[in-house]
Amino acid sequence: MTRKTPALLLALSMGITAPALAEEPVTATLDADGVQRAAIVLDSYSYTPGHLIVQAGKPVELKLTKEGFAPHDFVIDDAAAGFTVKEDVGGDGKTLRFTPMNPGKFAIYCSKKAPIGKSHREKGMEGVLEVR
Ligand SMILES: [Cu+2]
């Protein structure tokens with residue numbers, strides 16, 4: 001019984017620190033090939049980082065991975081962004097490519113919803129793509 005205690009404490013401490021980390025804006029890395037790259041983890045119910053900053057006019061490559069068993073997707077459908085994305089992200093993850101042209105802050109959200117209860121977005125599964 002006592003051997004379970006450290007794992008429980010670790011889980012509790014991770015639960016406390018994860019939301020704070022999700023709020024930190026992250027700037028995508030501009031690689032030598034001109035592509036801006038970043039990785040985002042989808043979990044129940046969050047994107048980490050929850051705020052990604054990219055530059056307009058340069059291609060973006062996002063490596064999306066998913067934790068846990070719940071289905072999640074990655075949606076950007078703000079008309080002001082000039083592009084739309086709606087991709088399911090399974091256990092194998094997914095790589096997304098797009099080139100944002102319009103500066104602004106655009107919502108990222110998960111459109112999944114169990115038959116009963118709130119949508120994942122209503123549970124807080126939202127993020128921000130900031131195009132500068
Ligand atoms: Cu979801």
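**Entry 1. Strand pairing around β11**

I began with a single bridge: alanine 107 has valine 128 of β11 as its bridge partner. I then looked up the pairing to which I could assign such bridges, where two strands pair if DSSP finds at least two bridges between them. β10 and β11 pair in the antiparallel sense, over six bridges. β5 and β11 pair in the parallel sense, over four bridges. For valine 54, the bridge partner in β11 is valine 131.

**Entry 2. Basis of the model**

I note that this is a predicted model, in which local features need pLDDT of at least 70 and side-chain atom pairs count only at pLDDT 80 or more, while totals for chains, interfaces and linings use all residues. Residues are numbered from 1 along each chain as its sequence is written. The pLDDT is the predictor's confidence in each residue, from 0 to 100. I found a chain average of 88, with 83% of the residues scoring at least 70. Residues 7-18 have a pLDDT below 50, and this stretch has zero contacts in the model beyond near neighbours in sequence. A contact requires that the C-beta atoms of two residues, placed from the backbone, lie within 7 Å.

**Entry 3. Elements and contacts of the chain**

I counted elements as DSSP runs numbered from the N terminus, helices being H or I of at least four residues and strands E of at least two. The chain has one helix and eleven strands, and the helix precedes the strands in the order α-β-β-β-β-β-β-β-β-β-β-β. Among contacts between residues at least 6 apart in sequence, 61% join residues at least 24 apart.

**Entry 4. Burial and the nonpolar core**

I took a residue as buried if 20 or more other C-beta atoms lie within 10 Å of its own, exposed if 12 or fewer, and partly exposed in between, with C-beta atoms placed from the backbone. Buried residues make up 21% of the 132 residues in the chain. A nonpolar core is a set of buried Ala, Val, Leu, Ile, Met, Phe, Trp, Tyr and Cys residues joined through C-beta atoms within 7 Å. The largest such core holds 18 residues, of which Ile40, Val54 and Leu129 touch the most other members. At least two residues of this core come from each of β3 (36-43), β5 (51-54), β6 (60-66), β10 (104-109) and β11 (126-131).

I listed the contacts of valine 54, leaving out residues up to four places away in sequence: Ala28, Gln36, Val60, Pro100, Leu129 and Val131.

**Entry 5. Faces of β11**

Which residues of β11 point to the buried face? I found Gly127, Leu129 and Val131 there, whereas Glu126, Val128 and Glu130 point to the other face and are not buried.

**Entry 6. Two loop residues**

Why does threonine 84 count as exposed? I found only its neighbour count to cite: 11 other C-beta atoms within 10 Å. Threonine 84 is in the loop between β7 (72-76) and β8 (85-89). Beyond four places in sequence, threonine 84 is in contact with Ile76 and Asp77.

Valine 35 lies in the loop between β2 (29-30) and β3 and is partly exposed, because 15 C-beta neighbours fall inside 10 Å. Its C-alpha atom is separated by 9.4 Å from that of threonine 99, 64 residues apart along the chain.

**Entry 7. Cis peptide bonds**

I recorded a cis bond from serine 44 to tyrosine 45, with omega near 5°. Another cis bond joins threonine 48 and proline 49, with omega about 0°.
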